[in-house]
Amino acid sequence: MVFHQHAKPDPATTKLAWGKAIEESRAHLRWGVIVDVLAASSGWIDTGVDLTLGEEVSLFSAGMVWLVKNLGVGLNGATALWYRIGPGPVAKSVGTTTSFRAEQDGRLHLIAKPPGEWRDPSGNFDPDCPHEGAEGGLSVAVLVWSGTAKEGLARMRAQDASGYAGREIGRLAERRTLPKGWQHLWRLGETRIFRVEAGGQQPARICCAAAQDAGILQYPVNVPLDQSTRLSWAWRADELPSRLREDSLSTHDYFSIAVEFENGRDLTYMWSAALPEGKVFACPLPWWNKRETHQVVRSDTAKLGIWLDEEQAILSDYERAIAGEPPKRIIAVWLIAVSVFQRRKGTCSFARIRFKTGMGEIFIGP
């Protein structure tokens with residue numbers, strides 16, 4: 001098994017650059033501090049920063065949270081850095097730079113944690129997934145601006161040898177419009193993976209461009225599950241984020257469309273780089289392995305770059321793939337993109353998503 005080799009991250013130089021930029025930008029900062037967020041920490045890390053409702057904050061992160069260090073499998077701040085103000089709710093850094101406006105008064109806390117393993121949106125931990133086992137960590141610059149983040153970053157950029165301020169200015173200027181009715185699944189947080197594009201001569205579509213990150217878009221529904229229920233969609237995968245079979249933790253990079261059921265389970269229909277069509281397997285990731293099942297719909301790389309129409313009989317698939325009494329209802333559709341393990345790039349687009357039922361069609365879009 002061969003993976004891309006990545007140099008061990010050394011954020012020391014970056015931290016020095018941040019420290020200098022903070023000192024030279026004090027006129028525009030109410031607070032600036034650098035915090036080490038270790039992966040082995042047992043819980044939320046107190047930054048010592050108290051925020052006031054409406055204040056704008058930027059976070060810069062450097063370093064890696066290693067899940068399997070000897071294989072180079074790890075997460076950077078775009079996937080692993082989470083924050084909350086006071087008792088929550090939690091939010092994830094959009095990238096290795098992010099900015100936000102405080103929605104309440106309270107102390108700012110940070111944590112480096114794989115996505116998904118939360119008990120609730122307030123940031124309490126799932127007892128079935130103790131916060132342990134990872135190595136490394138992140139260095140985080142916490143910048144509380146006297147004015148707006150945009151203004152503060154613009155003034156800091158000239159003093160910031162790390163380039164993070166300029167990178168965040170570019171991110172803030174980039175508009176990524178989500179399709180109507182879709183939202184980021186809170187368990188994975190906001191990402192820059194998804195965007196909607198108008199059709200023109202092609203169908204309107206949701207485009208996924210994944211690069212060392214992971215995200216899920218969710219569309220809430222209320223669809224009865226019976227023998228008539230089918231999910232249909234069109235997709236075009238241009239580049240897969242894996243070249244290896246995706247049924248191990250260290251290679252679990254993929255694109256899929258999924259249905260979430262009222263019992264908390266979900267079934268995803270994926271395009272595999274190496275597994276045979278029809279293959280069914282439980283998600284290999286902790287926490288997700290008790291909730292998520294994958295079914296390979298496509299694995300023919302000769303069809304990359306081609307729009308393909310699909311249709312799946314959901315109840316039959318559920319009965320074949322998941323033990324126990326089937327649920328009665330489907331509560332959401334998901335679009336999933338993962339590229340954090342092998343850290344390859346991948347692109348895929350989805351269109352014409354709809355349910356077919358005995359009562360007619362339910363159009364999801366775009």
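**Exercise 1: a bridge between two strands**

E310 counts as buried, at 10% relative accessibility; find which residue forms a salt bridge with E310, and where the two partners lie.

*Solution.* A word on the model before we start. This is a predicted model, in which local features need pLDDT of at least 70 and side-chain atom pairs count only at pLDDT 80 or more, while totals for chains, interfaces and linings use all residues. Residues are numbered from 1 along each chain as its sequence is written, and side-chain values use heavy atoms, with hydrogens and water left out.

Step 1. The partner of E310 is R298, and their closest N and O atoms are 2.6 Å apart. A salt bridge here is a side-chain nitrogen of Lys or Arg within 4 Å of a carboxyl oxygen of Asp or Glu.

Step 2. E310 belongs to strand β19 (residues 308–313) and R298 to strand β18, so this bridge ties together parts that are 12 residues apart in sequence. Strands (E, at least two residues) and helices (H or I, at least four) are DSSP runs numbered from the N terminus.

Step 3. R298 is buried too, with a relative accessible area of 14%. Buried means under 20% relative accessible area, exposed over 50%, and partly exposed in between (1.4 Å probe, protein chains only).

**Exercise 2: bridges between loops**

Locate the partners in the salt bridge of R291 with D126, then do the same for R192 with E174.

*Solution.* Step 1. Start with the total: the structure holds 19 salt bridges.

Step 2. In one of them, the side chains of R291 and D126 meet at 3.6 Å, N to O. This pair links distant parts of the chain, 165 residues apart: R291 sits in the loop between β17 (280–282) and β18 (292–298), and D126 in the loop between β8 and β9. Is D126 buried or exposed? At 8% relative accessibility, D126 counts as buried.

Step 3. The side chains of R192 and E174 also meet in a salt bridge, at 2.4 Å from N to O. R192 is placed in the loop between β10 (183–184) and β11 (194–197), and E174 in the loop between α4 and β10, so the pair ties together parts that are 18 residues apart in sequence.

Step 4. Check the accessibility of both ends. R192 counts as partly exposed at 34% relative accessibility, and E174 counts as partly exposed at 32%.

Step 5. Finish with a network: salt bridges link D46, D50 and R107.

**Exercise 3: classifying ring pairs**

Decide which geometry, stacked, tilted or edge-to-face, describes the ring pair F60 and Y164, and which describes W82 and W118.

*Solution.* Step 1. A pair of aromatic rings is described by the distance of the centres and the angle of the planes. Rings of Phe, Tyr and Trp (its six-membered ring) pair if their centres lie within 6.5 Å; planes under 30 degrees apart count as stacked, over 60 as edge-to-face and the rest as tilted.

Step 2. There are 15 aromatic pairs in the structure. For F60 and Y164 the ring centres are 5.6 Å apart and the planes stand at 40°, so the pair is tilted. Distant parts of the chain are linked here: F60 is in strand β3 (residues 56–68) and Y164 in helix α4, 104 residues apart.

Step 3. F60 is buried, its relative accessible area being 2%. Y164 is buried as well, at 9%.

Step 4. Now turn to W82 and W118: their ring centres are 5.2 Å apart and their planes at 70°, so this pair is edge-to-face. W82 lies in strand β5, and W118 in the loop between β8 (106–112) and β9 (135–145), so the two tie together parts 36 residues apart in sequence. W82 and W118 are both buried.

Step 5. Ring pairs can also form a cluster, as they do in linking W233, W235, Y269, W271 and F350.

**Exercise 4: backbone details**

Inspect the backbone at P89, Q212 and R343, and say where each residue is found.

*Solution.* Step 1. From G88 to P89 the peptide bond is cis, with omega near 15°. P89 is in the loop between β5 and β6.

Step 2. Q212 is not a glycine, yet has a positive phi of about 60°. Its place is the loop between β12 (205–211) and β13 (214–224). Q212 is partly exposed, with a relative accessible area of 35%.

Step 3. R343, not a glycine either, has a positive phi of about 60°. Look for R343 in the loop between β20 (329–338) and β21 (345–357). R343 is buried, with a relative accessible area of 9%.
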